[in-house]
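The exercises below ask you to read a protein structure step by step, and each task is followed by a worked solution. Please try each task by yourself before you read on.

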Amino acid sequence: MKKLFTNKLRLLPLALLLVPALGMMKKNKFEHKFQDPSLPIEERVNDLVSKLTLEEKVDQMTNSTPAIPRLSIPAYDWWNEALHGVARADNQYKTTVYPQAIANAATFDSPAVHEMADEIATEGRAINNENLKHNNAAQYTALTYWSPNINIFRDPRWGRGQETYGEDPFLTATMGKAFVTGLQGNDPKYLKAAACAKHYAVHSGPEQARHKFDVDVSNYDLWDTYLPAFKQLVVNAKVAGVMCAYNSFRGQPCCGSDILLTNILRNQWNFTGYLTSDCGAIDDFSAPNAHHSSPDAETASADAVLHSTDVECILGPGSYKTLVKAVKDGKLTEQQIDVSVKRLFTIRFRLGLFDPVEQVKYRQIPLSVLESPTHHAHALKMAHESIVLLKNENRLLPLKKTLKKIAVVGPNAADKTSILGNYNGIPSRLVSALQGIKDKVGASTEVIYTSGTGYVKPNANLKAAVDSVKDADVIVFVGGISPRLEGEEMNIKQPGFDGGDRTSIMLPDAQTTFLKALKATGKPVVFVMMTGSALATPYESANIPAIVNAWYGGQDAGTAIADVLFGDYNPGGRLPVTFYKSNSDLTAAFDDYSMKNRTYRYFTGQPLYGFGYGLSYTAFKYDLLTTPSALQSGKKNTISIKVTNTGKMAGDEVTQLYLSHVGVKMKTPLKALKGFERNFLKAGESKIIRFELKPEDLTLVTENGNSIAAKGKVMISIGGCQPDAQTQASKKTVSKTVSVI
């Protein structure tokens with residue numbers, strides 16, 4: 001024992017010598033502090049930025065940033081898209097393509113949107129991980145996705161409305177939050193991917209004027225309609241990025257706006273994430289044919305940075321390259337440049353791009369997850385849930401699979417482009433409506449096909465087209481419009497379409513003419529409509545017995561359509577936009593951003609199909625609406641109702657809660673969605689649905705844009721659609737008026 005103790009004493013000096021040596025080894029393990037993953041991100045970012053020259057800092061402020069070899073900082077391209085699947089993936093990777101965003105909104109299923117976004121992030125991580133192995137920083141392979149688009153689809157003429165979650169601020173905010181939280185993940189340290197809310201903030205066409213038009217709306221409309229979704233994503237969803245819009249707002253470009261950026265985004269909402277311009281938007285500051293709010297690119301760049309626009313997405317000459325000169329000319333300081341650069345590197349550190357691979361769980365995701373069976377199944381689920389049954393006279397649908405002959409016609413029947421929407425990836429397999437129907441029926445059923453008509457160009461031999469299908473048992477016309485006609489700043493001009501926007505909301509005459517001829521055959525006609533926006537179909541709604549709206553349904557659109565047509569899936573989607581009767585319902589000019597007589601919240605006319613509308617193959621009844629005796633302002637209030645599937649077929653029901661303020665003397669929406677839930681109910685099954693009204697749900701917006709607590713009477717309406725006299729009489733909605741105290 002004594003000998004052992006003596007040996008320990010002999011070893012003690014050696015141990016004491018090793019302690020500082022080990023400490024030195026630990027200290028020298030990293031050449032720079034920013035490389036040490038054990039340090040706080042803020043400390044690491046500050047260290048990194050302190051080592052950069054002014055020129056290196058400015059280089060980091062465009063979407064395509066170069067590497068800095070002396071510090072082992074890799075190149076990075078900020079521009080990527082993931083609206084409904086990883087898009088534009090360097091043309092190397094096949095990815096899962098979910099339904100377009102407007103179709104996702106039609107599901108009224110925010111948990112499904114959350115799951116979709118998580119799967120998108122999984123595929124995006126796999127692609128990024130693969131590229132990092134090869135030091136490939138190609139565009140559309142990074143983890144900063146410029147999605148979702150949460151602009152309010154205020155006017156159906158806007159070509160990019162397909163990218164949004166519709167016309168309602170509450171629905172848009174709910175779906176947007178689900179997308180952001182799904183995409184960014186729940187890891188306490190690392191982002192799975194970085195979402196970006198766009199286009200901040202008052203932006204919805206016209207496409208051809210977006211580089212030069214100036215928007216001014218009332219403070220009421222600004223805070224009641226245009227800002228709520230952005231506030232939800234910034235304040236509650238903690239979105240990593242925001243994109244400022246092309247247009248100007250009250251005389252200043254949105255990417256240089258005192259009101260939108262400095263006052264609201266950074267100061268009121270305390271947004272600490274990164275802000276990117278839309279692509280080419282900074283050039284618009286000084287371009288003579290655009291805003292021309294700045295005399296030159298240098299002044300424009302300084303203005304944008306001083307308003308906290310951290311990244312310039314370059315699409316053209318680019319302006320931020322002049323920032324070095326702007327600093328030297330005294331238009332801003334290097335410390336003000338540092339603020340932006342630190343925000344940018346903070347995002348890259350939060351993505352784990354400067355940490356060892358083994359420490360970041362998301363960097364373990366393999367390429368094999370692309371188009372996985374789970375993702376494929378969810379894409380089909382989303383396509384199923386997005387389909388809206390608009391009309392089903394005499395229960396023509398579902399069709400029998402034993403029909404002898406089915407004619408499938410129309411410009412979208414065999415088209416595999418329309419189902420992709422825009423801002424899309426490319427999957428390994430696409431199922432058109434025609435293919436979906438062929439796959440669904442047995443060998444004993446003959447399926448014949450002819451397009452019959454173009455989208456806008458009529459068939460020169462209409463009689464021959466009709467004669468070729470007149471002996472079919474049923475005719476399925478798959479029409480509508482296409483992403484080749486509506487979209488972002490497109491070089492297109494055809495009847496009803498101009499530059500990506502629509503000059504008419506009517507179904508093109510060529511298709512109505514063809515449908516009239518098909519109707520004249522005496523055979524049952526089913527109209528399957530593909531669109532990214534509201535179509536006015538007065539003839540079709542009055543004369544065609546069955547109408548299904550399938551949007552741009554993604555890679556499995558055809559399978560989902562066939563499942564609905566033949567009864568293997570009971571449709572339960574709801575319209576996220578108002579379908580007006582005709583162009584005459586659009587009483588304001590397209591570029592008038594006032595909400596007067598726009599959307600279901602302020603439209604005083606009778607729509608063709610209202611927001612929240614959708615039929616089913618079964619029937620649902622609502623009763624036992626339970627509320628507090630009085631709603632308490634400033635507190636949470638629980639509302640419940642019983643819904644019963646009274647039909648013979650199982651199916652989904654979307655239960656919606658609307659509030660209408662009764663007898664108030666200030667401006668309010670006619671009605672406003674404040675809750676929704678999608679549930680599957682078997683035939684005969686009942687369920688109690690509970691909604692929790694939050695304090696903000698019981699507030700009103702004043703004329704100056706302030707929120708105040710609601711007082712007085714409020715009508716609560718709950719059902720499968722928005723309330724009106726007809727739906728209340730049929731028990732599709734149940735209403736109750738209570739006091740707010």
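**Exercise 1. Two residues with positive phi**

In which loop is the place of Asn394? Describe its backbone and its accessibility, and then do the same for Phe108.

Solution. Before we begin, keep in mind that this is a predicted model. Asn394 has its place in the loop between β9 and β10. Turning to the backbone, we find that Asn394 has a positive phi of about 55°, although it is not a glycine. For the accessibility we need a cut-off, and exposed means over 50% relative accessible area; Asn394, with 74%, is therefore exposed.

Phe108 lies in the loop between α4 (101-106) and α5. Its phi is positive as well, at about 50°, and Phe108 is not a glycine. Here the relative accessibility is 1%, so Phe108 counts as buried.

**Exercise 2. Cis peptide bonds**

Find the loops that hold Pro148 and Pro398, and describe the peptide bond that leads into each of these residues.

Solution. Begin with Pro148, which is placed in the loop between α5 and α6 (169-184). The peptide bond that runs from Ser147 to Pro148 is cis, with omega near 10°. Next, look at the loop between β9 (388-392) and β10 (405-409), where Pro398 lies. Leu397 and Pro398 are joined by a cis peptide bond, and omega is about 0°.

**Exercise 3. A strand and its partners**

Describe which way the residues of strand β5 point, and name the strands with which β5 pairs.

Solution. Start from the general pattern: in a regular strand the side chains alternate between the two faces of the sheet. In strand β5 (residues 241-244), Gly241 and Met243 point one way while Val242 and Cys244 point the other way, and all of them are buried.

Then take the partners in turn. Strand β3 (residues 196-200) pairs with β5 in the parallel sense over three bridges, and Ala197 stands opposite Val242 in β5. Strand β8 (residues 274-277) also pairs with β5 in the parallel sense, over four bridges, and in that pairing Cys244 stands opposite Ser277.

**Exercise 4. A buried charge**

What surrounds Glu312, and which side chain of opposite charge is nearest to it?

Solution. First locate the residue: Glu312 lies in the loop between α11 (297-306) and α12 (323-328). Glu312 is buried yet has no salt bridge, and the nearest side chain of opposite charge, that of Lys321, is 7.6 Å away. A salt bridge would need a nitrogen-to-oxygen distance within 4 Å.

Now look for other partners. The side chain of Glu312 reaches the backbone nitrogen of Tyr320 at 2.7 Å. If we leave out residues up to four places away in sequence, Glu312 touches several others, among them Met61, Asn63, Ser277 and Asp283.

**Exercise 5. Salt bridges between distant parts of the sequence**

How many salt bridges are counted, and which parts of the chain do the pairs Glu81 with Lys198 and Lys440 with Asp563 tie together?

Solution. The count comes to 38 salt bridges. In one of them, Glu81 meets Lys198, with the closest N and O atoms 3.3 Å apart. Glu81 lies in the loop between β2 (76-77) and α4, and Lys198 lies in strand β3, so this pair ties together parts that are 117 residues apart in sequence. Glu81 counts as buried at 2% relative accessibility, and Lys198 is buried too, with 3%.

For the second pair, Lys440 and Asp563 form a salt bridge whose closest N and O atoms are 2.5 Å apart. Lys440 belongs to helix α15 (residues 433-440) and Asp563 to helix α19 (residues 557-565), so the parts tied together are 123 residues apart in sequence. Lys440 counts as partly exposed at 22%, whereas Asp563 counts as buried at 9%.

**Exercise 6. The nonpolar cores**

Which residues have the most contacts inside the largest nonpolar core, and which helix gives the most to this core?

Solution. The largest nonpolar core has 129 residues, and Tyr200 and Phe345 have the most contacts inside it. Helix α5 (residues 110-133) gives the most to this core, with eight residues. Apart from this core lies another, of 79 residues, including Ala383 and Leu434.

Finally, examine Phe345 more closely. When neighbours within four places in sequence are left aside, the contacts of Phe345 include Val45, Leu52, Ile73 and Phe354.

Key: Residues are numbered from 1 along each chain as its sequence is written. This is a predicted model: local features need pLDDT of at least 70, side-chain atom pairs count only at pLDDT 80 or more; totals for chains, interfaces and linings use all residues. Side-chain values use heavy atoms; hydrogens and water are left out. A nonpolar core is a set of buried Ala, Val, Leu, Ile, Met, Phe, Trp, Tyr and Cys residues joined through side-chain atoms within 4.5 Å. Buried means under 20% relative accessible area, exposed over 50%, partly exposed in between (1.4 Å probe, protein chains only). Helices (H or I, at least four residues) and strands (E, at least two) are DSSP runs, numbered from the N terminus. Contact means heavy atoms within 4.5 Å. Lys and Arg count as positive and Asp and Glu as negative; His and the chain ends are not counted. A polar contact is a pair of N or O atoms within 3.5 Å; within protein, one must be able to donate a hydrogen and the other to accept it, and residues adjacent in sequence count only if both atoms are side-chain atoms. Two strands pair if DSSP finds at least two bridges between them.
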